[in-house]
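Dear colleague,

I am handing over the structure below, and I would be glad if you kept it open while you read. My notes on one helix and one pocket follow it.

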Amino acid sequence: MENAEELKLSKNELKRRQKAEQKTREKAEKEKERIAQQSNTAPKKPKDESLEDVDPNEFYKLRNQAIAHLKSIGEDPYPHKFHVSISLAEFIEKYHSLAVEETADEIVSVAGRVHAKRESGTKLIFYDLRGEGTKLQVMSNARNFLSEEEFLKANGKIRRGDIIGCRGHPGRTKKGELSILPTDIELLTPCLHMLPHLHFGLKDKVF
């Protein structure tokens with residue numbers, strides 16, 4: 001009699017466990033479906049990549065997509081005004097005497113075309129800015145911006161070939177490179193056509 005009752009209890013327990021396992025599996029499947037649906041319906045940003053290895057036609061297509069995306073979120077990719085307080089050549093002449101790791105107190109604004117973009121981690125980006133037959137380094141550090149979000153937003157849209165404006169402090173890095181340390185960067189003109197590399201014989205243009 002006792003054995004029969006124990007067997008009955010064992011069968012009931014087995015059924016209970018099987019039902020619990022089935023519910024757990026069903027719940028997991030529903031969660032997977034929910035995540036998959038969210039992924040499919042979430043708004044997609046344009047392909048975000050350095051664009052260094054794509055062909056010219058693909059470059060043109062991706063840059064147009066990026067411009068369309070900026071317009072769709074209410075940003076003007078071609079702002080009409082940006083005040084330049086000093087030319088690149090004047091900047092170099094005026095601040096060439098800054099010592100290593102010295103930063104000037106004044107804020108200046110410059111503009112030029114990006115000929116190189118180098119990321120050193122997620123919060124530090126270097127640009128080679130060219131114009132007027134000269135070059136100036138931009139050392140864009142997240143700590144100099146109002147917030148990390150502003151840093152990512154400003155720098156995330158910039159690609160090689162773009163014309164940008166920078167507001168910030170003149171300074172010299174610990175490696176001795178004269179630079180502007182921006183508190184703000186503005187995209188002035190996105191580049192739609194792949195910029196040749198300098199070692200292929202590109203000549204600087206005045207703009």
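**Helix α2 and the second largest pocket**

In helix α2, the residues Phe 59, Leu 62, Arg 63, Ile 67 and Leu 70 are buried, where buried means under 20% relative accessible area, exposed over 50% and partly exposed in between, with a 1.4 Å probe and protein chains only. These buried residues lie on the same side of α2, because they cover an arc of only 140° around the axis, the arc being that of the directions from the helix axis to the C-beta atoms. On the other side of α2, Asn 57, Lys 71 and Ser 72 are exposed.

Please bear in mind that this is a predicted model, in which local features need pLDDT of at least 70, side-chain atom pairs count only at pLDDT 80 or more, and totals for chains, interfaces and linings use all residues. Residues are numbered from 1 along each chain as its sequence is written, and side-chain values use heavy atoms, with hydrogens and water left out.

At the N-terminal end of α2, Asp 55 acts as a cap, with a side-chain oxygen 3.0 Å from the backbone nitrogen of Asn 57, and just after α2, Gly 74 takes a positive phi of about 85°. What covers the buried residues of α2 includes β5 (178–189), where contact means heavy atoms within 4.5 Å.

The second largest pocket has a volume of about 440 Å³. It is lined by 16 residues, of which Phe 126, Met 139, Thr 173, Lys 174 and Lys 175 are the closest to its centre. A pocket here is an open set of points on a 1 Å grid over the protein atoms alone, where a 1.4 Å probe fits, with protein on both sides within 12 Å along at least five of seven lines, and lining residues have an atom within 4 Å of a point.

With best wishes

Terms used. Helix = DSSP H or I, 4+ residues; strand = E, 2+ residues; numbered from the N terminus. Polar contact = N/O pair within 3.5 Å; in protein donor to acceptor, adjacent residues only side chain to side chain. Points joined across faces, edges and corners; volume = space filled by probe spheres on them.
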